[in-house]
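Dear colleague,

I am handing over a structure that I would like you to look through when you have a moment. It is shown just below, and my notes on it follow.

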Amino acid sequence: MRRSTILPIALLATAAIAAGCASPTGATWTFAPAGAATAAPAATAAPGGATTAPAPSDASGAALVGTIALKAFDLGFDPNAITVDTPGRYAVTLDNTGAIPHDVTFADGATSGMVDGAKSATVEVDVPAAGLTVICSVPGHAQAGRKGAITVKGGATASGSGDHGGPLPTAADVAADPNAPAPVTYDATAPKLLPGKVHDLELVMTEELKTIAPGFVQKVWTFGGTVPGPVMRVKVGDTIRVTLKNATGNEMSHSLDYHSSQVAWNDEMRSIAPGEELVYEWTADYAGVWMYHCGTAPALQHIANGMYGMVIVEPAEGLPKVDKEFAIVQSEWYLGQQGQISDLTKAMAANPAPDFVLFNGVANQYKDNPLKVGTGETVRIFVLNAGPSTDSSFHVVGTIFNTVIKEGVKLEKGNAGSWGSQAVDLSPAQGAIVEFTTAEDGLYPIVTHAFNFVGRGALGLIQAGDGDPLN
Ligand SMILES: [Cu+2]
């Protein structure tokens, strides 16, 4: 029975990956301004599951104007922002693909009743012109994100919807836009070492619209057209010469601060205006997982609006070979109004409460598109906490890190005593390498163990083998 609870997630994920990933890396590590880099068209599947083709008939005899198919998994509804063409009576079928019981309960009281895992049930509901909200009534489930809304086309968005099981912002000040373009998945595969010892690169800073969580579009500032910026991978002893360009047409001055470099703040790290460029040259003297970011004042705002990325500096002798390598940057998003930049007032709070916490720039993207590994393969993750302000406790559920290299401190696989590590604490601007092996086929969630953030987008999955521990 549990097979059917797991496989649909994996299959959905495969489809989503096939639908297109924007790799931030290229062979020459030269990054074009990103007009191209943004969004796929608004998913035609966004109203997913809703059809207005009249259903044949129903038990009550009342005319149905359509049917709605809803999936419940253990973290949300899919979809959870549903748009229908007209008000009227709909038959809603809940397919519980999760492992524990859920229901679908509408604001007017209509409910499917509790549906066990791998079971389904149908409930009829009258959708008024104003739309209505829906929750799972199991205690705690709605608060954890199992809620959504049905909206009638042309009507206001019923409050409470996100999309595709994505988390909801804690702030009630920005409503999800059901027509927002689907987020573009950031390829988490760690790039290969740049060949040679001297690297002449170009990095263009852009200002453009991006969907940072389903339903939420922000005017982000980028390095190289992606958030995070591209991952760069070099070795100790290399020379890196970056031509940094502030794209013509941008509104803001920007700058670049490589934590992996030793240069004067008021030289290479100076701000440049739109249309200007500078050359930032540095030598890789120390190995590590380093942050780079825009340091233009207020740096808090420039980081909170997307201007950060990772530099991997390997020791001169290189890193031992492993089977799979990923790079993950954790960051916070303080939601601004739709189409606007992030909210600096929220980011400035003494106790900041991010609306989203992101892995590689998009809420929950690797929950929807799991990272694939083979069971028993050696896995290495380069992880960076870009902040700007909250700590990360990076953890992969079901695994133990046998190797951790954090800020120059090393736990080595095979050490006397068999010491291991469960979570790596990363303050803002700290980075680490973690290595582990999955014990069996299955799903291994990637989280920050500060669990209040898991429901805000800081959730991914590693899929080992076919994702099914039981076959
Ligand atoms: Cu900037």
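Helices and strands here are DSSP runs numbered from the N terminus, with helices being H or I runs of at least four residues and strands being E runs of at least two. Counted in that way, the protein has four helices and 30 strands. Please keep in mind that this is a predicted model, in which local features need pLDDT of at least 70 and side-chain atom pairs count only at pLDDT 80 or more, while totals for chains, interfaces and linings use all residues. Residues are numbered from 1 along each chain as its sequence is written.

On burial, a residue is called buried if 20 or more other C-beta atoms lie within 10 Å of its own, exposed if 12 or fewer do, and partly exposed in between, with the C-beta atoms placed from the backbone. By that criterion, 49% of the 471 residues of the protein count as buried. Two residues are in contact if their C-beta atoms, again placed from the backbone, lie within 7 Å. Among the contacts with a separation of 6 or more, 73% are between residues 24 or more positions apart.

Turning to the sheets, two strands are taken to pair if DSSP finds at least two bridges between them. One open sheet consists of six strands in the order β21-β20-β23-β28-β25-β26, with mixed pairing. Its edge strands, each of which pairs on one side only, are β21 (356-359) and β26 (409-411). From one strand to the next the twist averages 15°, where axes are lines fitted to C-alpha atoms (for helices over the stretch in contact) and angles run from 0 to 180 degrees between N-to-C directions. Within this sheet, β25 (residues 403-406) and β28 (residues 430-437) are paired in the antiparallel sense over four bridges, and I405 has I433 of β28 as its bridge partner.

A further open sheet has four strands in the order β14-β19-β18-β16, and its pairing is also mixed. Here β14 (232-235) and β16 (257-258) are the edge strands, each pairing on one side only. Two bridges connect β16 with β18 (residues 288-293) in the antiparallel sense, and D257 is matched with H293 in β18.

Strand β15 (residues 239-246) is also worth a look, as β12 (residues 198-213) runs parallel to β15 and is joined to it by eight bridges, whereas β17 (residues 277-283) runs antiparallel to β15 and is joined to it by seven. R241 in β15 stands opposite D200, and R241 also has E281 in β17 as a bridge partner.

A nonpolar core is a set of buried Ala, Val, Leu, Ile, Met, Phe, Trp, Tyr and Cys residues joined through C-beta atoms within 7 Å. The largest such core has 107 residues, of which V289, M310, F382, V383, A432 and V434 touch the most other members. Strand β23 supplies the largest share of this core, six residues. If neighbours within four places in sequence are left aside, the contacts of V289 are M310, I312, F382, V383, L384, G431, A432 and I433.

Some backbone features deserve a check on your side. Most residues other than glycine have a negative phi, and most peptide bonds are trans. A cis peptide bond nevertheless joins A297 and P298, with omega about -10°, and P298 is in the loop between β18 and α2 (299-304). Another cis peptide bond joins G387 and P388, with omega about 20°, and P388 is in the loop between β23 (378-387) and β24 (392-396).

The loop between β21 and α4 (365-368) holds N360, whose phi is positive, near 60°, although the residue is not a glycine. N364 is also in the loop between β21 and α4, and its phi is likewise positive, at about 60°. N360 counts as buried because it has 23 C-beta neighbours inside 10 Å, and N364 counts as buried because it has 29.

Finally, E440 is found in the loop between β28 and β29 (442-448), and E440 is classed as partly exposed because 13 other C-beta atoms lie within 10 Å. Although E440 and L470 are 30 residues apart along the chain, their C-alpha atoms are separated by 9.5 Å. Beyond its neighbours within four places in sequence, E440 is in contact with T375, A464 and P469.

With best wishes
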